[in-house]
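Colleague: I would like a close look at one part of this protein. Please take me through the place where the ligand sits, and then set it against the rest of the chain.

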Amino acid sequence: MKLFTHSIFTHRRIIIIFLLAIFIPSLIAAYLSLSTFPKRREAIKKLLESNLWISGESALKSIEGTILDHEQKALKSEYFVRFIQSGKSVQANRSSPVSSEGSVGQFFLLDADFKIILPETGSENTSGIQWGEEIQNSRFAKSFKSAEFFEFSQKNYSQAADLYKKCALDTSSDQFRAVAYEGLGRCLLLSEKYNEAYKVYNELSEKWGQLLNKAGHPYGIIAKFQLYEIDSKRRDTESSLGILVSLYKQIREGTWLISQPVYDFYIAEIESILNSKAGKFAEIQESCSEIQKRQSPYGQILIFKNLLERNVIPGIKEKLSLYREGNEAMQGRLPGSIENDFFMVSYAILQDLQPGKIFYCGFYWNLNLLKNQVIPKILNDLSKDSGLDFKIINEEDQNISKGKEGSASGKSIALAFRIFPLPWKLLVSHPEIKALEKSAHREILFYGILLAIIVALMLLGAALLARDISRESETNRLKTEFVNNISHELKTPLTLIRLYGETLQRKDNLTNEEKKDCYEIITKESERLSHLINNVLDFSRIEMGRKEFDLRKGYLQDVIIETLESYRYHLEKKGFVIHKDIAQDLPEMNFDGEAIASVLVNLLSNAMKFSPKEKEVTVKLFRDNGNVVLQVADKGIGISQKEIPKIFQRFYQAENKIASEARGSGLGLTLVKNIVEAHGGTIVVESEVGKGSRFVVRIPLLGI
Ligand code: ADP
């Protein structure tokens, strides 16, 4: 109980010291250092956020600046001047970059009535030949009419052909000559003069290809078609299809400015012929698919024209009508959409193009190019300079620009286009914020784990310290007790020796019997004294590491019998019954005789001390496989299970001591264990409180 309160007290003191001196200050220090992380992070975050605004604004400015620059250049009248010069040179116009691939947009030019001047296409009501007043009664007209009469009414094709030929010679106008040639070709075909017809159509195509016939179809196309027909009749199909393929290519490229229906008609016609016939000819097939791979430039122009007519022109008209009153805006922008596809047009009114006339010029932005190439290029450069992430997002906050993928990371801001009303936003984000957050998390985790490890180590250290201190204090307590006991143990035999010595000295009238008793007591007590002193000396030798065992070959049974015999007197004197069962056939083995005797003496002495009632001791020595087993059993007070592990500790004495006589040094069993282990053996105890104990020593025969 005393021990218990003592250790509790020690522990509590250690815990308080530990908490006050180490644990709490460390925790406070750790908390203070950890708490600065979020604050620091917050401060950096704010700084980066304000940086986002500034950089975002300047990025927006730079994008809008580039677009506005482009717009400014695109809407200059110098550029459009060449399209409205009188006497329109068709060929010159053709080279205009109306819709060149990779351009930021498409130009267009409207006249004061919003008729499309650029891009140039054929209009639907264009018809070729106009019979002017002066022509009506000319020789050409007369001959032409009679040729038509022979051709259509009389079906006299050779006569008609002669007359058409004459017509062609009679006129100096290309237009009329072409009409006559058309008739001539037709009649030659009907009269199956293919070679001549071929020549005529070839001339028609080469000389007057750009001119239109009465139905508004260019002679170039008509003549080529006829050449194909003649060729397919005369020669093999492959070369005739070649004519068609080159015609197909020319139409798509816009060699003739034809109207949408004419374009659609010829393209469909040629495609149907090629589809049905070209399959057999790999080369034709290949060049055909080569052409189809690319978009039809003229087709694109027609689509663009359509779009202008349907969406852009009405939009511009509406916008301008709003400005009619008051000062008219010279420039404007028209955002709009066709089937969810956003478009953007910049337009301007040109007053200085032709004196007294106004024109509307415009630029239809290629938004895909803008968002996938122009803007990303600007943003990339900015990104490199500023270290920020830029993205173009739509109204649903989805990234629509090519390049960097994924959603915005970390903190970001979205800025709308203000000057140039694009339906997108510029998303500016700082990749470092995310990285910062990540590293802060990692830092906190790292320091958290470190802190936990430090706390755990502290607790472990404290526990070890507490155990050590409590052990030390326990040893100290045992030592004090040992000193008390040993003094008592020394005092008792000394007192007796002195008492009986004095008796012998003073009393002369002692009987022989009495004298013998006195000598016996003196001898016994001095033996006890020397046993005690031997134990203490042995112990101190062992403690100091100086104990050496004198191992010699011999018979263990001899030492046991001898020791038992010499101790028999003490036991019997105390009223003990001794049972012994010593095997005689044990082989020779190595041991220290004196030490082994001391083992038996200590065990017998304990058996004697702790058997107050039933005084019975059994000593057994036998061989068990490779071991020699020494058993010393008594029927004494026994040892509680709790104490069994402790009795071999130095100075330890069990609580349940029965009498002062049973006091000892607490060294006996420590010595026994030490000696047994020095012989490579073990000692165990089987005991039950109130029933007795049995100490079993096991020494290997070939142990050492
Ligand atoms: P001591 O000098 O006190 O006998 P020991 O080291 O020999 O010291 O024994 C330690 C303790 O073990 C004893 O105080 C006693 O309580 C207990 N003990 C030893 N032998 C026996 C036994 N045969 N029966 C009961 N208790 C015993």
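Modeller: Here is the ligand site, followed by a helix and a single residue from elsewhere in the chain.

Keep in mind that this is a predicted model. Start with the shell around the ligand. It holds 19 residues. The closest are K609, D634, A654, S665 and L669.

What kinds of residue make up this shell, by class? Nine are nonpolar, eight are polar and two are charged.

Where in the fold do they come from? Three elements each supply at least two residues of the shell. They are helix 18 (593–609), helix 19 (668–678) and strand 15 (692–700).

Now look at the polar atoms. D634 is one of the closest residues, and an N or O atom in its side chain is 2.8 Å from a nitrogen atom of the ligand. The side chain of N606 also takes part: one of its N or O atoms is 2.9 Å from an oxygen atom of the ligand. With G668 the partner is in the backbone. A polar backbone atom there is 3.3 Å from an oxygen atom of the ligand. How much of the ligand does the protein bury? Taken alone, the ligand exposes 530 Å², and the protein buries 98% of that.

Next, the wider setting. The protein has 704 residues, and 41% of them count as buried. It has 19 helices and 15 strands. Take the contacts with a separation of 6 or more: residues 24 or more positions apart account for 66% of them. The protein exposes about 39,300 Å², with 53% supplied by carbon and sulfur atoms.

Helix 9 makes a good worked example. It runs over residues 219–234. Its 16 residues should span 22 Å at 1.5 Å a residue, and its end C-alpha atoms are 22 Å apart, so the two agree. Its buried residues include Y219, F225, L227, Y228 and I230. K224 and D231 are buried in this helix as well. What do the buried residues pack against? Four helices: helix 7 (174–190), helix 8 (194–208), helix 10 (237–253) and helix 11 (260–277).

Last, one residue. Q300 has its place in helix 13 (residues 297–323). Q300 counts as partly exposed because its relative accessibility is 27%, and the buried class needs a value under 20%. Along the chain, Q300 and G254 are 46 residues apart. Their C-alpha atoms are separated by 9.9 Å.

Terms used: Residues numbered from 1 in each chain as written. Predicted model: local features only at pLDDT ≥ 70, side-chain atom pairs only at ≥ 80, totals over all residues. Heavy atoms only, no water. Buried < 20%, exposed > 50% of the residue type's maximum accessible area, 1.4 Å probe, protein only. Contact = heavy atoms within 4.5 Å. Areas by Shrake-Rupley, 256 points an atom, 1.4 Å probe, with all protein chains shown as cover. Near = heavy atom within 4 Å. Polar contact = N/O pair within 3.5 Å; in protein donor to acceptor, adjacent residues only side chain to side chain. Nonpolar A, V, L, I, M, F, W, Y, C, P; charged D, E, K, R; others polar. Expected span 1.5 Å × (residues − 1).
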